Amino acid sequence: MIGAFPAPDAARSCPRAKGCQEYFGYHSLTVAFMIIADEFVISIFQMRNPFLIGDRVYLRAVEPEDAPIVAACNNDPSVRVSFFTHTPLSVALSAKRIESYYQPGADYIPFVICLMELDEGAGITALHRVDLVSHAAVFSVCISKPEHWGKGYGGEATRLMLKYAFDILNMHRIQLHVWTGNTAGIRAYENAGFTREGCLREAMAHDGRYCDFLVMGMLESEWRARNPASSAIVVDRDAHRE
Ligand SMILES: CC(C)(COP(=O)(O)OP(=O)(O)OC[C@H]1O[C@@H](n2cnc3c(N)ncnc32)[C@H](O)[C@@H]1OP(=O)(O)O)[C@@H](O)C(=O)NCCC(=O)NCCS
């Protein structure tokens with residue numbers, strides 16, 4: 001069972017193992033290994049149905065019981081302000097919608113962002129309008145509780161989603177729209193490698209004023225330049241020749 005999970009990620013997520021390595025140094029690898037193994041088993045059982053595993057967060061499929069997280073992203077006044085949602089979303093309707101996710105051909109692919117340390121669903125991230133002809137999609141991310149903001153979770157979820165888009169879905173371009181007043185979002189996206197491509201002036205109305213939105217984008221080539229260890233799909237046109 002342990003072999004079915006990537007050991008380096010689980011070990012990296014374990015502060016106790018890191019501390020042990022620092023304390024004992026390289027001569028006590030056996031002790032460190034035992035503690036890593038112990039933490040590793042705990043990490044496995046704490047992660048439920050993981051799809052993509054990072055250092056401090058993992059992404060998993062959205063389940064009907066995650067409806068309160070989805071609803072919070074749309075309802076909580078401090079969260080929805082940067083999403084510009086203007087209609088409340090009930091938990092019941094949210095649960096019903098979740099049941100229809102992941103149908104074959106669906107162009108909306110959401111994940112729950114889970115905090116490993118707290119074993120808690122902390123938000124939703126998604127690719128929207130996934131276009132398998134142009135190999136393009138629109139990205140979104142939302143950490144649903146303000147007390148979790150500014151801790152690097154949104155940035156890490158963004159990087160995991162870019163890996164999903166380029167390495168797994170074979171996307172060519174990922175883009176997003178972000179309100180120019182959303183400083184944390186813009187910073188998290190630039191840290192992940194997105195480029196500011198333009199400005200949609202007065203694109204949406206909010207609190208009695210029209211607001212500008214940045215268009216930010218990333219191409220597969222730009223992502224690969226930042227992540228050289230990642231695997232591109234290579235077409236070997238000569239493979240059939242002797
Ligand atoms: C936007 C959001 C996803 C960012 O996630 P997060 O976990 O808070 O972001 P991170 O901690 O990974 O990174 C935020 C960055 O912005 C910086 N930052 C945060 N608040 C800031 C502010 N008021 N001014 C300047 N920089 C700020 C942080 O220092 C960090 O940059 P650094 O790593 O270079 O120091 C999250 O705040 C959120 O979900 N907000 C509500 C919904 C939303 O706005 N979604 C995006 C819609 S486009």
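**Figure 1. Surroundings of the ligand in the predicted model.** Of the 22 residues that surround the ligand, those that come nearest are Ser-82, Gly-154, Gly-155, Ala-184 and Arg-187. Two or more residues of this shell are contributed by each of strand 5 (136-143), helix 7 (153-168) and helix 8 (183-192), and it is helix 8 that gives the most, with six residues. Sorted by residue class, the shell around the ligand is made up of ten nonpolar, ten polar and two charged residues.

**Figure 2. Helix 7 and helix 8 against the strands.** Helix 7, which gives two or more residues to the shell around the ligand, lies across strand 1, strand 2, strand 3, strand 4, strand 5, strand 6 and strand 8. With respect to strand 5, helix 7 runs at about 155 degrees. Helix 8, for its part, lies across strand 6 and strand 8, and runs at about 160 degrees to strand 6.

**Figure 3. The open sheet of eight strands.** The strands of this sheet follow the order 1-2-3-4-5-6-8-7, and their pairing is mixed. Strand 1 (50-53) and strand 7 are the edge strands, each of them pairing on one side only, and from one strand to the next the twist averages 30 degrees. Within the sheet, strand 2 (residues 57-60) is joined to strand 3 in the antiparallel sense over four bridges, and Leu-59 stands opposite Ile-113 in strand 3.

**Figure 4. Strand 8 with its partners, strand 6 and strand 7.** Strand 6 (residues 173-179) pairs with strand 8 (residues 209-219) in the antiparallel sense over seven bridges, and Trp-179 has Phe-213 of strand 8 as its bridge partner. Strand 7 (residues 195-206) also pairs with strand 8 in the antiparallel sense, in this case over eight bridges, and here Ala-205 has Tyr-210 of strand 8 as its bridge partner. Strand 7 and strand 8 form a hairpin with two residues between them, and in the turn Asp-207 has a positive phi of about 50 degrees.

**Figure 5. Helix 4 and the elements packed against its buried residues.** In helix 4 (residues 67-75), the buried residues are Ala-67, Ile-69, Val-70, Ala-72 and Cys-73. Residues three or four places apart in an α-helix point the same way, because the helix has 3.6 residues a turn. The packing partners of the buried residues of helix 4 are helix 5 (77-80), helix 6, strand 3 (109-115), strand 4 (120-131) and strand 5.

**Figure 6. Val-91 and its contacts.** Val-91 lies in helix 6, which spans residues 91-98. Once neighbours within four places in sequence are left aside, Val-91 is in contact with Ala-67, Pro-68 and Ala-71. Although Val-91 and Ala-71 are 20 residues apart along the chain, their C-alpha atoms are separated by 5.7 Å. Val-91 counts as partly exposed because 15 other C-beta atoms lie within 10 Å, whereas a buried residue would need 20 or more and an exposed one 12 or fewer.

**Figure 7. The chain as a setting for the close-up views.** The chain has nine helices and eight strands, and of its 242 residues 26% count as buried. Among the contacts in the chain with a separation of 6 or more, 58% are accounted for by residues 24 or more positions apart.

Key. Residues are numbered from 1 along each chain as its sequence is written. This is a predicted model: local features need pLDDT of at least 70, side-chain atom pairs count only at pLDDT 80 or more; totals for chains, interfaces and linings use all residues. Two residues are in contact if their C-beta atoms, placed from the backbone, lie within 7 Å. A residue is near a molecule or strand if its C-beta atom, placed from the backbone, lies within 6 Å of it. Ala, Val, Leu, Ile, Met, Phe, Trp, Tyr, Cys and Pro count as nonpolar, Asp, Glu, Lys and Arg as charged, and the others, Gly among them, as polar. Two strands pair if DSSP finds at least two bridges between them. Axes are lines fitted to C-alpha atoms, for helices over the stretch in contact, and angles run from 0 to 180 degrees between N-to-C directions.
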